[in-house]
Amino acid sequence: MRKKRSREKQAEEQKSHIRELDRIYRADGRANESSEETQQRHFDDRLRASARRNNASFEVKNQRQATVRLRTLNSRATESNEQRERRIHCNALGNQTRIGAETFDARRNRLQLERVRQGTFRASNWLYLKDEALHYDPNLDYPNFPQIVIRSMSSKCTFCGALKFEAEASGLCCSNGKVSLPELPQLPEPLKSLMEGNHPKSKEFLTMIRKYNSSFQMTSFGTSLPMLDSTGFMPTFRI
């Protein structure tokens with residue numbers, strides 16, 4: 001038994017030594033390769049990985065995906081705020097570069113797959129609540145369900161600085177820096193003084209502001225300006 005353990009230990013040490021030599025050999029080879037050789041190697045690696053995953057069994061795929069998710073969770077749990085913002089920023093830049101280089105057909109296929117994936121994901125999140133109103137259980141803590149609690153606006157866009165809820169998409173505010181709006185102009189007087197509380201009637205104005213808005217929300221007006229498009233459902237004109 002002792003000899004067997006010793007042999008197993010020696011075999012493991014030999015395997016570890018061989019793996020270390022193999023890593024050194026690969027590192028030396030990659031340091032001397034050209035950019036074309038690097039691209040070809042990456043392409044070959046992707047083909048091998050794709051073939052290996054296609055031939056893997058269902059259990060192996062689930063195990064691999066679970067391992068990747070666990071490794072990602074552990075990595076993100078230990079990263080600092082600066083590392084998290086840098087990761088999100090790099091991912092956004094990478095997505096911009098990849099999307100900017102894709103063809104029209106590739107973009108259309110990507111958007112279609114994204115819509116299907118989002119629809120499936122959202123449906124699966126709410127599936128267990130189907131017909132829940134007809135089977136209400138007072139013992140369940142409905143207000144604290146993950147699908148209902150939106151939490152605080154703690155996510156900050158790295159491009160425009162907008163605050164968002166945790167589950168909101170990264171490009172929801174400014175499309176990852178593609179949209180840049182000018183700053184709002186100053187309000188004209190006396191509206192500016194009324195809004196800022198510097199007018200004698202500011203208190204009354206701010207108290208009744210919702211009623212004022214409701215009073216004019218269905219107001220119609222006429223104009224003698226030429227219409228830009230009077231054939232559609234919503235005719236418009238330029239002021």
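Begin with the whole chain in view, and follow it from the N terminus, where the elements run α-α-α-α-α-β-β-α-α-α-β-β. That makes eight helices and four strands in the chain, and it should be kept in mind throughout that this is a predicted model.

Before selecting anything, consider the chain as a whole. Of its 239 residues, 7% count as buried, and the chain exposes about 21,500 Å², with carbon and sulfur atoms supplying 55% of that area. If you take the contacts between residues at least 6 apart in sequence, 9% of them join residues at least 24 apart.

**First stop: the largest pocket**

Select Q118, R122, E168, A169 and S170, which are the lining residues that lie nearest the centre of the largest pocket. This pocket has a volume of about 1,300 Å³, and 30 residues line it. Now colour α4 (81-101) and α5 (104-126), since each of these helices supplies at least two residues of the lining. Which element gives the largest share of this lining? It is α5, with 10 residues. If you then colour the lining by residue character, you should find 12 nonpolar, nine polar and nine charged residues.

**Second stop: the second largest pocket**

Next select R84, I88, S155, E166 and S170, which lie nearest the centre of the second largest pocket. S170 is thus among the residues named for this centre and also among those named for the centre of the largest pocket. The second largest pocket has a volume of about 710 Å³ and is lined by 21 residues. Both α4 and β1 (155-156) supply at least two residues of the lining, and the largest share, eight residues, comes from α4. The lining here divides into five nonpolar, eight polar and eight charged residues.

**Third stop: the loop between β2 and α6**

Move along to the loop between β2 (163-164) and α6 (191-196), and select N176, which has its place there. Is N176 buried or exposed? Its relative accessibility is 15%, so N176 counts as buried, the limit for that word being under 20%. Leaving out residues up to four places away in sequence, N176 touches A92, Q96, F159, S170 and G171, and in this list you meet S170 once more.

Add S175 to the selection, which is placed in the loop between β2 and α6. S175 is partly exposed, with a relative accessible area of 30%. Check the backbone angles of both residues: S175 has a positive phi of about 55° although it is not a glycine, and N176 likewise has a positive phi of about 55° without being a glycine.

Further along, select P190, which also has its place in the loop between β2 and α6. Look at the bond between E189 and P190, which is a cis peptide bond with an omega of about 5°.

**Last stop: an aromatic pair**

How many aromatic pairs does a search of the whole structure find? The search finds one. To see this pair, select F205 and Y212, whose ring centres are 5.8 Å apart and whose planes stand at 35°, so the pair is tilted. Show the surface around the two residues as well, because F205 is buried, with a relative accessible area of 15%, whereas Y212 is partly exposed at 31%.

Key. Residues numbered from 1 in each chain as written. Predicted model: local features only at pLDDT ≥ 70, side-chain atom pairs only at ≥ 80, totals over all residues. Heavy atoms only, no water. Buried < 20%, exposed > 50% of the residue type's maximum accessible area, 1.4 Å probe, protein only. Contact = heavy atoms within 4.5 Å. Areas by Shrake-Rupley, 256 points an atom, 1.4 Å probe, with all protein chains shown as cover. 1 Å grid on protein atoms, 1.4 Å probe; cavity = no way out; pocket = protein on both sides within 12 Å on 5 of 7 lines; lining within 4 Å. Points joined across faces, edges and corners; volume = space filled by probe spheres on them. Nonpolar A, V, L, I, M, F, W, Y, C, P; charged D, E, K, R; others polar. Phe/Tyr/Trp six-rings, centres within 6.5 Å; stacked < 30°, edge-to-face > 60°.
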